[in-house]
Amino acid sequence: EVIEGFFADLERDHGWQVFQDPHTGKTVRATPSGDESSDEISIDTGHHILEIGLAPAKIIQDLETTLRKRIALMTAILEKYDAAILGYGVQPITQLSDDYISPKSQYRLYQANIKSEQFEGVYQPSLQYLGLSASSQTHVDITRDEALDAVNMLNATSGLRIGLFGNSPIWQGEIGDY
């Protein structure tokens, strides 16, 4: 109900255009202008996971300004529902439930075809586990000529990135030691 109310408020009170999944009929994303190339707020695998997709910008400072505005808007709306944004990489304490899977049709298709079961002694987790994750992603556009340098830089810094991003400071519902 919180996510549905969130999208309804974006549309009604802030003039955003909402978009429904064609198969489930549920609202799964919204844009401030209805323009497909603009910023968007959407849900992903977990229905309770909101993602901000920012439109491309020439300089990163413009993205930071826009991101701060989007987070402030989201926070203000969610406060009405006594809900809050956790944070990047925080794993919420949530019981597994089909109710937490996104109403996007592709996830409902997976859900209908993936079951938790024992297979030759190896546990096969269900799609429900995908509803527990919260993360931060950045997409960077590079040209064909930049691809080799970009891959080399990513490889060179992989240890640093694993060290920085591999562990959440939250463990068993509390701030951990690291």
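**An aromatic pair, a nonpolar core and a two-sided helix**

The structure holds one aromatic pair. In general, such a pair of rings is described by two quantities, the distance of the centres and the angle of the planes. Here the rings of Phe-6 and Phe-7 have centres that lie 5.5 Å apart and planes that meet at 70 degrees, so the pair is edge-to-face. These values, like the others in this text, were computed from a predicted model. Both partners, Phe-6 and Phe-7, are buried.

It helps to see where this pair sits in the whole protein. There are 178 residues, of which 25% are buried, and the chain forms five helices and eight strands. Followed along the sequence, these elements come in the pattern α-β-β-β-β-α-α-β-β-α-α-β-β. Of the contacts in the protein with a separation of 6 or more, 48% are accounted for by residues 24 or more positions apart.

What surrounds Phe-7? Leaving aside residues up to four places away in sequence, Phe-7 touches Val-18, Thr-27, Val-28, Arg-29, Ala-30, Ile-41, Ser-42, Ile-43 and Leu-50. One of these neighbours, Arg-29, also has a charged end that sits over the ring of Phe-19, 4.2 Å from its centre.

In soluble globular proteins, nonpolar side chains tend to be buried together. The largest nonpolar core of this model has 15 residues, and the members that touch the most others are Phe-6, Phe-7, Leu-10, Ile-41 and Leu-50. At least two residues of this core are supplied by each of H1, strand E2 (27-31), E3 and H2.

Helix H2, which runs over residues 60-79, deserves a closer look. With 20 residues, H2 reaches 28 Å from its first C-alpha to its last, close to the 28 Å expected at 1.5 Å a residue. Which residues of H2 are buried? They are Arg-70, Leu-73, Met-74, Ile-77 and Leu-78. These residues cover an arc of only 130 degrees around the axis, which puts them on the same side of H2. The spacing can be understood from a general property: an α-helix has 3.6 residues a turn, so residues three or four places apart point the same way. On the other side of H2, by contrast, Arg-68, Lys-69 and Glu-79 are exposed. The buried residues of H2 are covered by elements that include helix H1 (2-14), strand E3 (40-43) and strand E4 (50-53).

Technical notes: Residues numbered from 1 in each chain as written. Predicted model: local features only at pLDDT ≥ 70, side-chain atom pairs only at ≥ 80, totals over all residues. Heavy atoms only, no water. Helix = DSSP H or I, 4+ residues; strand = E, 2+ residues; numbered from the N terminus. Expected span 1.5 Å × (residues − 1). Buried < 20%, exposed > 50% of the residue type's maximum accessible area, 1.4 Å probe, protein only. Arc of directions from axis to C-beta. Contact = heavy atoms within 4.5 Å. Phe/Tyr/Trp six-rings, centres within 6.5 Å; stacked < 30°, edge-to-face > 60°. Lys NZ or Arg CZ within 6 Å of the ring centre and 35° of its normal. Core = buried A, V, L, I, M, F, W, Y, C linked by side-chain atoms within 4.5 Å.
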